[in-house]
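Work through the exercises below with the structure open. Each task is followed by a stepwise solution.

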2 protein chains.
Amino acid sequence: MTIADGDSATLHRPDPETARDRVAAAVAAENLVTVFGRCTVEYEGRAASTLGPGDRLVVLKPDGTALVHTDEGQKPVNWQPPGCTHEASVADGEFRILSRRASPEERLVVAFERVEQLSTFDVTDRNDLALQGTEEDLRQRVLDDPDLVEAGFRPLATERETPAGAVDIYGKDRDGATVVVELKRKRVGPDAAGQLSRYVEALDRELHADAEIRGFLVAPSVTERARELLAEKGLEFVSLGPPE
Amino acid sequence: MTIADGDSATLHRPDPETARDRVAAAVAAENLVTVFGRCTVEYEGRAASTLGPGDRLVVLKPDGTALVHTDEGQKPVNWQPPGCTHEASVADGEFRILSRRASPEERLVVAFERVEQLSTFDVTDRNDLALQGTEEDLRQRVLDDPDLVEAGFRPLATERETPAGAVDIYGKDRDGATVVVELKRKRVGPDAAGQLSRYVEALDRELHADAEIRGFLVAPSVTERARELLAEKGLEFVSLGPPE
DNA sequence: CGATGGATATCGCAC
DNA sequence: GTGCGATGTCCATCG
């Protein structure tokens, strides 16, 4: 059974050969494909996994993405990233989807005992997502009002390169001492303190050995472990949360 | 138009009221819901975003997950994690889905200009994913053959607690010196070297100051920056990739 | 291509 | 609930 028009088409309980032909055509036409049914899944690549029979929703995107969703969780239980090639086939009387990635070599096989529904959609989406509350927003706030870090702070560069990586904000304090600012949009753990410490140490080596270098971690809050690590390394913390 | 049986039901271009009623019933029945159509999306919570009109696939799971997928990318363009409540409504003549999270407060609103297809599925899946090639597998390999780290290495504990966190493997070398092993299943960067360094320093403080403590990073490979950091801290690296 | 670090990360576990 | 670390993390950016 089929419902179709220019934008979508749906098969209800297609036989394996029909499912194969429809998916093959949809992949060739760069349509979005959804398949719901009872299936097993095997993956082999960076890791390997097997998944016994169950009802799942499989999504194939025109960009080469494959997703296998169960009834639980935000993350797909199995997947392939964009850029993969999708093939449909029938083997042992079962409809199968094979998704392959070239580098690194990865294979995903979904074998359907039963296909409950198979849909294809002609999809185009040119609207971009506008996101607020990011680290970039936080950086802009600090650049607009450097006193938020410390009275007299003067930013001189963003993304300044060091041997340990790029520093979020680089500048001078009121006394001319070098300042390194690491921004985090949410509560931070020991990793952020370690990251800031590496930047300070890298600049310590790069600049004159007698130059004072101060490291600031700017975030809404820190964990206790991170606070200890900052104190130990002589780094400073500035609490700055999202606006409002 | 409707196709239905015990396991699934599909509406093709339903009007807003019909879509609302069907989604409300499916959410109450803890069914999986997919909606494809032209919609706008607004999100507000940990961050905030708006997304203009476009064709997207929306998935509502019985565990309270919501996903909004475009034609590109593995990750949903917008989403809500498990545990949210989903509501269907009609406002300004449009079918809308509202997904709410209590803590932290987060809202996702999908407003459909047009619903191309709406499907509901009665989904059961009690099979768990069996994954190989994880860090746990690597740990088992090292415990089975500690000489992989170094001839004479004797593991004494896993997940041994330190003030800086739990050490993957703790033990002694052939001369009785304390050994800390950090395992990584893939190529590592500076963060892993920093992590191992924190463990070694924490044990250095906890144990006698004169006790020698050796830190091993076991991973398939390291980046150049991580290698430098390891050398600087006097830590050792053992190359151990996935089997075959 | 690899390296680096962010993310509404998600997820699981320990406390 | 928070804290912490793993993830087939994904993803953009940069060299």
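**Exercise 1. A backbone contact to DNA**

Which polar backbone atom lies 2.9 Å from a phosphate oxygen of DNA strand D, that is, to which residue does it belong?

Solution. The model is predicted, so every distance here is computed from predicted coordinates. Start at the phosphate oxygens of DNA strand D. The polar backbone atom at 2.9 Å from one of them belongs to B:K75. Polar contacts are pairs of N or O atoms within 3.5 Å.

**Exercise 2. Side chains on the same strand**

Find what the side chains of B:R185 and A:N78 approach on DNA strand D.

Solution.
1. Take B:R185. A polar atom of its side chain is 2.3 Å from a phosphate oxygen of DNA strand D.
2. Take A:N78. An N or O atom of its side chain lies 2.8 Å from a base oxygen of DNA strand D.
3. Place both in the secondary structure. Two elements give two or more residues to the surface near DNA strand D: β6 (78-80) of chain A and α3 (190-206) of chain B. The largest share, three residues, is from β6(A).

**Exercise 3. The whole DNA surface**

Describe the residues that surround DNA strand D, and state which part of the DNA they meet.

Solution.
1. Count them. There are 25 residues around DNA strand D. The closest are A:W79, A:Q80, A:R187, B:K184 and B:R185.
2. Look at the DNA side. Of the atoms of DNA strand D that come within 4 Å of the protein, 80% belong to sugar and phosphate.
3. Sort the residues by class. Ten are charged, eight nonpolar and seven polar.

**Exercise 4. The protein interface**

Characterise the contact between chain B and chain A.

Solution.
1. Begin with the residues. Chain B contributes 69 and chain A contributes 67.
2. Add the area. The two chains bury about 5,500 Å² between them, and 52% of that is on carbon and sulfur atoms.
3. List the polar links. Seven salt bridges join the chains. One of the salt bridges pairs A:R205 with B:E232, with 3.7 Å between the closest N and O atoms. Residue pairs in polar contact, both at pLDDT 80 or more, number 32.
4. Locate the main element. Strand β4 (residues 48-60) of chain B supplies eleven residues, the largest share of the side of chain B that touches chain A. By class, that side has 25 nonpolar, 21 polar and 23 charged residues.

**Exercise 5. Strand pairing across the chains**

How do strand β10 (residues 129-132) of chain A and β4(B) run, parallel or antiparallel?

Solution. Four bridges join these strands, and they run antiparallel. For a check, pick A:L131: its bridge partner in β4(B) is B:S49.

Technical notes:
Residues numbered from 1 in each chain as written. Chains lettered and ligands numbered in written order. Predicted model: local features only at pLDDT ≥ 70, side-chain atom pairs only at ≥ 80, totals over all residues. Heavy atoms only, no water. Contact = heavy atoms within 4.5 Å. Buried area = accessible area lost by both parts, 1.4 Å probe. Salt bridge = Lys/Arg side-chain N within 4 Å of Asp/Glu carboxyl O. Polar contact = N/O pair within 3.5 Å; in protein donor to acceptor, adjacent residues only side chain to side chain. Nonpolar A, V, L, I, M, F, W, Y, C, P; charged D, E, K, R; others polar. Pairing = 2+ DSSP bridges. Near = heavy atom within 4 Å.
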